[in-house]
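Could you walk me through some of the side chains in this protein? I have the sequence and the model open at the bench.

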Amino acid sequence: MKWLTKVHDLSEMDQLAKSLSGYLKPGFVLGLGGDLGSGKTTFTQFLAKHMGIRETVNSPTFTLLKIYRNGLPLYHMDVYRLESIGYDYELDDFIYGNGVAVIEWYPYIGQMLPQEMLTLNIRAIDEKAREITMEGSGAYARIVEDLADRYSH
Ligand SMILES: Nc1ncnc2c1ncn2[C@@H]1O[C@H](COP(=O)(O)OP(=O)(O)O)[C@@H](O)[C@H]1O
Ligand SMILES: [Mg+2]
């Protein structure tokens, strides 16, 4: 299931993260794609806020992984540095863990990803507007359907 939508500014992006946050549960895997500056980290920050995380969430580019524990754990990964390697098995425990895994640049570790996951690909239209393609397989397809349905009314 694939849904193409558009947000006009940060507050609509925040709203989308809020809507998605209602579906999060242990083992949830979310891949974030899109160019540098498209909004992957920003979306993760909004998502974290709606998960009740009060710590500052910033880009884990140089660490690969940051863990936020506050109720449902958030495993925030940025695998940009793995582009030429394609994997880092130390991340396995977190991708297949008991928290919510959010993976910026997920296509770079294609071979490590589960068959069923949700992906959000973000494209900047201008300074504030973003086109978002949300895709989900397996149980995640239902979430995409749900969100698309909610936003169409
Ligand atoms: N609608 C929007 N959604 C997400 N980010 C936006 C939006 N409008 C403006 N921005 C800005 O775009 C930048 C996105 O940067 P960032 O989230 O770090 O991107 P990435 O992690 O994809 O490299 C931030 O400065 C953010 O404030
Ligand atoms: Mg980022």
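Here are a few questions and answers about this predicted model.

Me: Happy to start with Ala 101: is this residue buried or exposed?
Reply: Ala 101 belongs to strand β5, residues 100-104. Buried means under 20% relative accessible area. Ala 101 has a relative accessibility of 0%, so this residue counts as buried.

Me: Thanks! What is the geometry of the aromatic pair formed by Tyr 75 and Phe 94?
Reply: Both Tyr 75 and Phe 94 appear among the contacts of Ala 101, and both are buried. The structure holds seven aromatic pairs. In the one formed by Tyr 75 and Phe 94, the centres are 5.0 Å apart and the planes are at 70°, which makes the pair edge-to-face.

Me: Which elements of the chain does that pair link?
Reply: The two residues are 19 apart, and the pair links distant parts of the chain. Tyr 75 lies in strand β4 (residues 74-78), and Phe 94 lies in helix α3 (residues 92-95).

Me: Now to Tyr 87 and Tyr 89: which of them counts as exposed?
Reply: Exposed means over 50% relative accessible area, with partly exposed between that and 20%. Tyr 87 has 34%, so Tyr 87 is partly exposed. At 51%, the residue that counts as exposed is Tyr 89.

Me: One last one: which ring does the charged end of Lys 40 sit over?
Reply: One aromatic cluster is formed by Tyr 80, Trp 105 and Tyr 108. The charged end of Lys 40 is 4.3 Å from the centre of the ring it sits over, that of Trp 105.

Definitions and conventions
Residues numbered from 1 in each chain as written. Chains lettered and ligands numbered in written order. Predicted model: local features only at pLDDT ≥ 70, side-chain atom pairs only at ≥ 80, totals over all residues. Heavy atoms only, no water. Helix = DSSP H or I, 4+ residues; strand = E, 2+ residues; numbered from the N terminus. Buried < 20%, exposed > 50% of the residue type's maximum accessible area, 1.4 Å probe, protein only. Contact = heavy atoms within 4.5 Å. Phe/Tyr/Trp six-rings, centres within 6.5 Å; stacked < 30°, edge-to-face > 60°. Lys NZ or Arg CZ within 6 Å of the ring centre and 35° of its normal. Lists of a residue's contacts leave out its neighbours within four places in sequence.
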